[in-house]
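Welcome! Here is a short briefing to help you find your way around this protein, topic by topic. Please take a look at the sequence and the model before reading on.

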Amino acid sequence: MRIYKDIFTGDEMFSDTYKMKLVDEVVYEVTGKLVTRKQGDVQLDGANPSAEEADEGTVEGVESGVDVVLNHRLMETFAFPDKKSYTAYLKDYMKKLVEKLNESQPDQVDVFKNNMNKVMKDVLGRFKDLQFFVGESQEIEGMVALMEYRDQPDGSQIPVLIFFKHGLLEEKF
C-alpha cells in the first residue's frame, strides 16, 4: 500500500486503495464514495471486517461523508470565500512547490509549470462547485485538496478529490 503525504505538513492525504488517475502529470484525481459508519471505523477497500464486531446493542455515534475524507482525517476549510482568495493562495503555494522542485526534482519544474496552468484554469472555471480540504494538522500553508461531485451516466454523482502530485510524498507500507 502507498500513502501520499503533504510534503510541507507531513499530513496523510490519501492512499492507493482508492481509484486514482494522474491528469496531465500534475494532479491526482481520487474517486471516493459516500459512506455511513460507526464513528472511528476506518474501512479501506478490500478490507474484511471482523465477525467479532457484532452489534452489542450499544448506542454509538455515526458519521457520514466521503470515505477518503473520513479515513485520512481531512478537514474541510472555508478559507476561500471567492475565487480571488483561492487564486492568491494558489500562487503562493505554487511558488513554494517550484522552490521545492528546484531542490529535489529540477527536471519536473517545466512539466509542473506548463501543465498546472492548463489544469487549474479548467478547475477554476468550476470554482463555485468546489469544496476545500486540508490535512489533519489543519495547516493552510500545506496542500489544500479540492473536491467536486461529478455526474455519472446513471444520473448519480460521485465525489472526486484533486491533489497536486508534486506536493505529495509517496510512502510504501
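The protein chain has 173 residues, and 38% of them count as buried. What you see is a predicted model, and the protein chain averages a pLDDT of 87. The chain has 3 helices and 11 strands.

**Overall layout**

- Reading from the N terminus, the elements of the protein chain follow the order β-β-β-β-β-β-α-β-α-α-β-β-β-β.
- Take the contacts in the protein chain between residues at least 6 apart in sequence: 65% of these join residues at least 24 apart.

**How confident the model is**

- A pLDDT of at least 70 is reached by 87% of the residues.
- Residues 50-55 deserve some care, as pLDDT stays under 50 there.
- For that stretch, residues 50-55, the model has 1 contact beyond four places in sequence.

**A sheet to look for**

- An open sheet is formed by 3 strands in the order 2-1-11, with antiparallel pairing.
- Strand 2 (12-15) and strand 11 (168-172) each have a single partner strand, so one side of each is left without a neighbour in the sheet.
- From one strand to the next, the twist averages 30°.
- Strand 1 (residues 2-6) and strand 11 run antiparallel and are joined by 5 bridges.
- To find this pairing on your screen, look for Y4, which stands opposite E170 in strand 11.
- As background, strands of a sheet pair through backbone hydrogen bonds, either parallel or antiparallel.

**Aromatic residues**

- There are 14 aromatic pairs in the structure.
- One of them joins F8 and Y93 edge-to-face, with 5.8 Å centre to centre and 75° between the planes.
- F8 lies in the loop between strand 1 and strand 2, while Y93 lies in helix 2 (residues 83-104), so the pair ties together parts that are 85 residues apart in sequence.
- The two partners can be told apart by their surroundings: F8 is partly exposed, with a relative accessible area of 29%, whereas Y93 counts as buried at 1% relative accessibility.
- F127 and F132 make a tilted pair, because their ring centres are 5.6 Å apart and their planes stand at 45°.
- Both of these residues count as buried, F127 at 12% relative accessibility and F132 at 6%.
- Which residues form one aromatic cluster? They are F8, F80, Y86, Y89, Y93, F127, F132 and F164.
- F8 also has a charged companion: K96 lies over the face of its ring, at 4.5 Å from the ring centre.

**Two backbone spots worth a look**

- Most residues other than glycine have a negative phi.
- D24 has a positive phi of about 50° although it is not a glycine.
- You will find D24 in the loop between strand 3 (19-23) and strand 4 (27-31), where D24 is partly exposed, with a relative accessible area of 31%.
- R73 also has a positive phi, of about 55°, and is not a glycine.
- Look for R73 in the loop between helix 1 (67-71) and strand 7 (75-77).
- Is R73 buried or partly exposed? With a relative accessible area of 39%, R73 is partly exposed.

Conventions: Residues numbered from 1 in each chain as written. Predicted model: local features only at pLDDT ≥ 70, side-chain atom pairs only at ≥ 80, totals over all residues. Heavy atoms only, no water. Pairing = 2+ DSSP bridges. Helix = DSSP H or I, 4+ residues; strand = E, 2+ residues; numbered from the N terminus. Axes fitted to C-alpha atoms, helices over the stretch in contact; angles between N-to-C directions. pLDDT = per-residue confidence, 0-100. Contact = heavy atoms within 4.5 Å. Phe/Tyr/Trp six-rings, centres within 6.5 Å; stacked < 30°, edge-to-face > 60°. Buried < 20%, exposed > 50% of the residue type's maximum accessible area, 1.4 Å probe, protein only. Lys NZ or Arg CZ within 6 Å of the ring centre and 35° of its normal.
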